[in-house]
Amino acid sequence: MPERNLKQPDDERSTLLLVDDDDAFRRVLARALDRRGYAVSVAASVEAALVKAQAQAPEYAVVDLKMPGESGLRLIDKLMELDPNTRIVMLTGYASIATAIEAIKLGAVHYLAKPCDADEIVAALNKSSEGDAAMAVADSPLSIDRLEWEHIQRILGEHQGNVSATARALKMHRRTLQRKLGKRPSRA
């Protein structure tokens, strides 16, 4: 793929749909991606993003996982229905193996944990769809807290984000589950 670091005339720029409910993050990232040569349109929700995508299917999309209303996973599915060639990167502050796998299964080309910068996003958008056999394998296993977080996220995904149904499936009090979901897990 050609380098997109130089600003091109608007009619030649690749279209990119940026969907994130964090206003400040969305504004900063939109400017950074614009400077890297993309014609950026923004949305703060899945519903607003769908309206924009139906008017013009983007070549690229950067989608936040957790937003009010429907999740970014639903948007990936809808964007792929509109144009299966759209290259999508999923962003999240709530990284989990289960949601990463679902995002890739639905058609995302990459999954990045926040915080990340525009250069990381551009690299992810342009990354080939082939795997990297040379990727380093972690020396230590995941912590118990991280394993618990991954399990909760998998069950939450199986119940389409319904906290009450997830709590029942985990045989856990709903408030306990909400408290655990409110905490960010450790990285390791």
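**Exercise 1.** In this predicted model, break down the lining of the largest pocket by residue class, and state which helices contribute to the lining.

*Solution.*
Step 1. The lining of the largest pocket has twelve nonpolar, ten charged and eight polar residues.
Step 2. Among the 30 lining residues, those closest to the pocket centre are Ser71, Leu73, Gly157, Gln160 and Gly161.
Step 3. At least two lining residues come from each of helix H3 (72-82), helix H4 (97-106), H6 and helix H8 (174-182).
Step 4. The volume of the largest pocket is about 900 Å³.

**Exercise 2.** Classify the geometry of the aromatic pair formed by tyrosine 38 and tyrosine 60, and state which strands the pair ties together.

*Solution.*
Step 1. The structure holds one aromatic pair. In this pair, tyrosine 38 and tyrosine 60 are 5.4 Å apart, centre to centre, with 85° between the planes.
Step 2. Planes over 60 degrees apart count as edge-to-face, so the pair of tyrosine 38 and tyrosine 60 is edge-to-face.
Step 3. Tyrosine 38 belongs to strand S2 (residues 38-43) and tyrosine 60 to strand S3 (residues 60-64), so the pair links parts 22 residues apart in sequence.
Step 4. Buried means under 20% relative accessible area. Tyrosine 38, at 0%, is therefore buried, and tyrosine 60, at 3%, is buried too.

**Exercise 3.** Is isoleucine 155 buried or exposed, and which residues does isoleucine 155 touch beyond four places in sequence?

*Solution.*
Step 1. Isoleucine 155 sits in helix H6 (residues 144-158).
Step 2. Its relative accessibility is 9%, so isoleucine 155 counts as buried.
Step 3. Leaving out residues up to four places away in sequence, isoleucine 155 touches Thr166, Ala169 and Leu170.
Step 4. Alanine 169 is 14 residues from isoleucine 155 along the chain, and their C-alpha atoms are separated by 7.6 Å.

Note on methods
Residues are numbered from 1 along each chain as its sequence is written. This is a predicted model: local features need pLDDT of at least 70, side-chain atom pairs count only at pLDDT 80 or more; totals for chains, interfaces and linings use all residues. Side-chain values use heavy atoms; hydrogens and water are left out. Rings of Phe, Tyr and Trp (its six-membered ring) pair if their centres lie within 6.5 Å; planes under 30 degrees apart count as stacked, over 60 as edge-to-face and the rest as tilted. Helices (H or I, at least four residues) and strands (E, at least two) are DSSP runs, numbered from the N terminus. Buried means under 20% relative accessible area, exposed over 50%, partly exposed in between (1.4 Å probe, protein chains only). Contact means heavy atoms within 4.5 Å. On a 1 Å grid over the protein atoms alone, a cavity is a set of points where a 1.4 Å probe fits but cannot get out, and a pocket is an open set with protein on both sides within 12 Å along at least five of seven lines; lining residues have an atom within 4 Å of a point. Grid points are joined across faces, edges and corners, and a volume is the space filled by probe spheres set on the points. Ala, Val, Leu, Ile, Met, Phe, Trp, Tyr, Cys and Pro count as nonpolar, Asp, Glu, Lys and Arg as charged, and the others, Gly among them, as polar.
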